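Student: I have a structure open and would like to learn how to read it. Could you walk me through it?

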Amino acid sequence: LPFAASFIPFQRMVALRVLMLGWEFPPYQAGGLATATVGLVKGLVNQGTEVVLSVPFPVEENPVPGLRLLGRSTELVTVYRVASPLEPYATAARYQEVFSRAVTADPRRRSVYGGDLFQEVERFAAQARQLAGAEPHDVIDAHDWITFAAGMAAREVSGRPLVAHLHATEYDRTGGPGNPEILAREQAGVLAADRVICNSRQLAEQCVQRFGVDPTRVDVVYWGIDSSVEPGPTDGPDDPVAGGPVVLFLGRVTSQKGPDYFIEMAAKVAPFVPSARFVIAGNGDLLPYLMERAAELGIGHRVRFTGGL
């Protein structure tokens, strides 16, 4: 990562140690953030960097008595899974649903977990404060607003530089003004960070224009390609989309990714390219709407919905 050189002298021979605070990591994966985090961890490890990663995981599968931190160390990577109802891309309403399910399964959790999404974010921050005191580190890397409070809490303990890794903003996720509390927490996190890393120039411009971040503290780092991953099997000639051009949408089927634009454009392209087929690969809240919309537009027979891959 580019921030390493600005914080650690080039001559230093001791391995850099990053305390990374995320909120999605395999095998618990809902979207691209888990894939991005895996890529970052692999890239850092390949450079000899040690990574201490803390992420929430489903409370129904909590094997930890008393909700203590569970550590798993593999060479240069140590993963702490914090039992929490926090879920990737969850709204406040979704948190309440998961929280209620967890409490129904075990009423003792009511007195431990936060009563709402923001209380749970603070509880995760308290866990990060504990972890920062137990695990030596050189840099703190916090991913998105869910972990910004945790990153700031960890810095209070260790005094190490805080990097806010921004994958999207509340404006992106909701397609509108969004939740004001989440926006406030996003802004507080990026303003408090020593450096901010965005995955696109558009996101970096949002940081500067909407949140007032000094542009000299923002770096744009695009996603790369992991050449070590072998491609999966391809469809055979009997595949229904074979024989003509295939247009692919790949991602979470939610407003942030624009699948509704994709289906509208497919309807405009279809009359001009009769052999074209369209594939929407992914899951999300817009999936039922898109299926109905494809039928309304008369292109249902030319669109394949694969679900999550």
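**Reading the structure, feature by feature**

Tutor: Gladly! Let us start with one detail: the charged end of R210 lies over the ring of Y171, at 3.8 Å from the ring's centre. Keep in mind that this is a predicted model.

Student: Thanks. How many helices and strands are in the chain?

Tutor: The chain has 10 helices and 11 strands. It has 309 residues, and 45% of them count as buried. Among contacts with a separation of 6 or more, 67% are accounted for by residues 24 or more positions apart.

Student: Let me try one helix. Which residues of α8 are buried?

Tutor: Helix α8 covers residues 201-211, and its buried residues are L203, A204, Q206, C207 and F211. Looking down the axis of α8, you find these buried residues within an arc of 155 degrees, so they line one face of the helix.

Student: And which exposed residues does the face turned away from the buried side of α8 carry?

Tutor: That face carries R201, Q202 and Q209, which are exposed.

Student: What covers the buried residues of α8?

Tutor: The cover includes two helices, α6 (170-174) and α7 (180-192), together with the strands β6 (162-166), β7 (195-198) and β8 (218-220). Just after α8 comes G212, with a positive phi of about 75 degrees.

Student: Can we look inside one of those strands? Where is V163 found?

Tutor: V163 is in strand β6. It counts as buried because its relative accessibility is 0%. Its C-alpha atom is separated by 8.4 Å from that of V190, although the two residues are 27 residues apart along the chain.

Student: How should I describe two helices that pack together?

Tutor: Two packed helices are described by the angle between their axes and the distance between the axes. Here, α4 and α5 pack at an angle of about 35 degrees, and their axes are 8 Å apart. Their crossing is right-handed. On the α4 side, the contact is made by residues including L117, F118, V121 and A125, while those of α5 include W145, I146, A149 and A153.

Student: I would also like to understand aromatic pairs. How many does a search of the whole structure find?

Tutor: The search finds 4 aromatic pairs. In one of them, the ring centres of F118 and W145 are 5.9 Å apart and the planes are at 50 degrees, so this pair is tilted. The pair links distant parts of the chain, with F118 in helix α4 (residues 117-134) and W145 in helix α5 (residues 144-158), 27 residues apart. Both F118 and W145 are buried.

Student: What kind of aromatic pair do F262 and F278 form?

Tutor: That pair is edge-to-face, with 6.4 Å centre to centre and 80 degrees between the planes. F262 belongs to helix α9 (residues 259-269) and F278 to strand β10 (residues 277-281), so to speak two distant parts of the chain, 16 residues apart. F262 counts as buried at 15% relative accessibility, and F278 counts as buried at 2%. Together with F249, these two residues form one aromatic cluster.

Student: Which residues is I280 in contact with, leaving aside its neighbours within four places in sequence?

Tutor: I280 is in contact with F249, V253, F262, I263, L290, V303, R304, F305, T306 and G307. I280 sits in strand β10 and is buried, with a relative accessible area of 0%. From I280 to G307 the distance is 7.7 Å, C-alpha to C-alpha, and the two are 27 residues apart in sequence.

Student: Back to helix α9: is A267 buried or exposed?

Tutor: A267, in helix α9, is buried, with a relative accessible area of 18%. Not counting residues up to four places away in sequence, A267 touches L297 and I299. The C-alpha atoms of A267 and V303 are separated by 10.0 Å, and these residues are 36 residues apart along the chain.

Student: One last topic: how do I read a phi value?

Tutor: Most residues other than glycine have a negative phi. D144 has a positive value, near 65 degrees, and is a residue other than glycine. D144 lies in helix α5 and counts as buried at 3% relative accessibility.

Notes. Residues are numbered from 1 along each chain as its sequence is written. This is a predicted model: local features need pLDDT of at least 70, side-chain atom pairs count only at pLDDT 80 or more; totals for chains, interfaces and linings use all residues. Side-chain values use heavy atoms; hydrogens and water are left out. Buried means under 20% relative accessible area, exposed over 50%, partly exposed in between (1.4 Å probe, protein chains only). Helices (H or I, at least four residues) and strands (E, at least two) are DSSP runs, numbered from the N terminus. The arc is that of the directions from the helix axis to the C-beta atoms. Contact means heavy atoms within 4.5 Å. Rings of Phe, Tyr and Trp (its six-membered ring) pair if their centres lie within 6.5 Å; planes under 30 degrees apart count as stacked, over 60 as edge-to-face and the rest as tilted. A charge sits over a ring if NZ of Lys or CZ of Arg is within 6 Å of the ring centre and within 35 degrees of the ring normal. Axes are lines fitted to C-alpha atoms, for helices over the stretch in contact, and angles run from 0 to 180 degrees between N-to-C directions. A crossing is left-handed if the near helix is turned anticlockwise from the far one by less than a right angle, and right-handed if clockwise.
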